[in-house]
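Colleague: Could you walk me through the ligand site in this one before I get back to the bench?
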Amino acid sequence: MQNRSAKFIFFSGKGGVGKTSMASATAVYYADQGNKTLIVTTDPASNLADVFGQEIGHKITKISGIENLWAMEIDADKATAEYKENALEPLRELFPEEMLKVFEEQLNSPCTEEMAAFDKFIEFMHNPEFDVVIFDTAPTGHTLRLLELPADWSRHIEASKEGSGQTCMGPVTMLEESKAKYDEAIKLMKDQSRTRFVFVVQPEATPIAETKRSATELEEKIGIRGTELIINGILPENECIDPFFKKRYEMQMKYVEQIRNEIPLPTKLMYLRERDLRGIAILREVAQELHQEVEAEAVAQGD
Ligand SMILES: Nc1ncnc2c1ncn2[C@@H]1O[C@H](COP(=O)(O)OP(=O)(O)O)[C@@H](O)[C@H]1O
Ligand SMILES: [Mg+2]
């Protein structure tokens with residue numbers, strides 16, 4: 001069903017470090033290259049609509065002013081309602097009303113919400129329409145939890161089959177099909193030729209600590225390795241002529257050094273610009289800068 005060569009790129013990091021900006025610039029870059037591109041945000045406090053200057057919401061929406069680009073902001077409540085409906089739909093013809101009420105009752109649990117969020121998430125990994133799907137994720141903890149779900153679920157379903165036959169969402173038989181889907185999603189997320197996992201960080205102590213922690217957790221708990229790191233918000237050296245900014249620039253360079261030593265991932269630097277990253281034009285500039293860094297690195301590595 002899925003597009004066999006589709007690429008998935010996850011952006012992760014602490015709140016406010018530039019995830020949405022870097023994810024959006026990357027989306028613009030791939031769209032400009034002629035790839036059908038979708039950017040999805042799972043952040044409840046999403047600002048994708050501001051970045052692209054148009055309403056988006058809980059549906060795949062064409063971005064105007066650029067070819068090949070679509071966006072969606074996942075709404076957790078709507079995702080849950082859709083998930084319940086999809087689960088109950090096939091049962092409606094088979095069971096009497098009272099039974100359906102029982103099933104519906106069983107679906108009113110926190111597990112359902114978690115499952116629904118993840119279900120929406122992987123729906124895009126199986127959508128054959130897009131060449132590139134970019135996930136602008138919520139701040140780190142939330143995303144890790146979301147990514148742990150399929151692994152947890154896969155285990156939970158397995159264990160229930162051998163035990164009571166019940167899961168916190170009803171009979172295990174209802175979920176068998178999902179297990180295959182989750183296993184497939186985990187496999188895809190671990191496949192570095194298909195999925196890139198980008199951490200965005202700022203050259204400051206707290207975001208560095210958080211990124212280190214989440215990179216470790218991601219690898220240890222889920223078996224997913226980060227593929228690259230963007231250090232965003234570097235002050236342009238030429239502008240740092242007075243002592244205050246010079247000091248800050250030097251401080252940033254120390255943190256850049258620390259990041260390079262402590263987080264062993266290919267790193268790109270992104271400069272702080274004089275204004276917010278909103279609109280296609282500036283995102284194109286940022287994308288160009290990101291890409292040039294990649295090329296420079298490739299040349300340096302001799303490939
Ligand atoms: N390199 C940069 N130069 C200028 N402004 C930036 C840069 N990176 C991010 N910003 C701005 O900082 C704010 C936070 O960035 P955002 O991408 O929304 O972060 P996150 O999604 O991680 O919360 C936004 O207003 C964005 O436009
Ligand atoms: Mg954001």
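Modeller: What follows is a short talk through the ligand site and then the confidence of the model, which is a predicted one.

Colleague: Fine, so which residues come nearest to ligand 1?
Modeller: There are 16 residues around ligand 1, and those that come nearest are G16, K19, T20, S21 and R273.

Colleague: What do K19 and T20 do there, in terms of distances to ligand oxygens?
Modeller: For K19, a backbone N or O atom lies 2.8 Å from an oxygen atom of ligand 1, whereas for T20 an N or O atom in the side chain is 2.8 Å from an oxygen atom of the ligand.

Colleague: And which ligand atom is Y271 next to?
Modeller: A nitrogen atom of ligand 1 lies 2.9 Å from a backbone N or O atom of Y271. Taken alone, ligand 1 exposes 560 Å², of which the protein buries 81%.

Colleague: Where does it sit, and which element gives most to the shell?
Modeller: Ligand 1 sits in the largest pocket, and the largest share of its shell, three residues, comes from helix α1, residues 19–32. By class, that shell has four nonpolar, seven polar and five charged residues.

Colleague: Changing topic, where is confidence lowest and highest?
Modeller: The lowest is in strand β7 (residues 170–171), with a mean pLDDT of 56, and the highest is in strand β3 (residues 61–62), at 98. Over the chain, pLDDT averages 85, and 83% of the residues score at least 70.

Conventions:
Residues are numbered from 1 along each chain as its sequence is written. Chains are lettered from A and ligands numbered from 1 in the order in which they are written. This is a predicted model: local features need pLDDT of at least 70, side-chain atom pairs count only at pLDDT 80 or more; totals for chains, interfaces and linings use all residues. Side-chain values use heavy atoms; hydrogens and water are left out. A residue is near a molecule or strand if one of its heavy atoms lies within 4 Å of it. A polar contact is a pair of N or O atoms within 3.5 Å; within protein, one must be able to donate a hydrogen and the other to accept it, and residues adjacent in sequence count only if both atoms are side-chain atoms. Accessible areas come from the Shrake-Rupley method with a 1.4 Å probe; for residues, only the protein chains shown count as cover. On a 1 Å grid over the protein atoms alone, a cavity is a set of points where a 1.4 Å probe fits but cannot get out, and a pocket is an open set with protein on both sides within 12 Å along at least five of seven lines; lining residues have an atom within 4 Å of a point. A molecule sits in a cavity or pocket if more than half of its atoms lie within 2 Å of its grid points. Helices (H or I, at least four residues) and strands (E, at least two) are DSSP runs, numbered from the N terminus. Ala, Val, Leu, Ile, Met, Phe, Trp, Tyr, Cys and Pro count as nonpolar, Asp, Glu, Lys and Arg as charged, and the others, Gly among them, as polar. pLDDT is the predictor's confidence in each residue, from 0 to 100.
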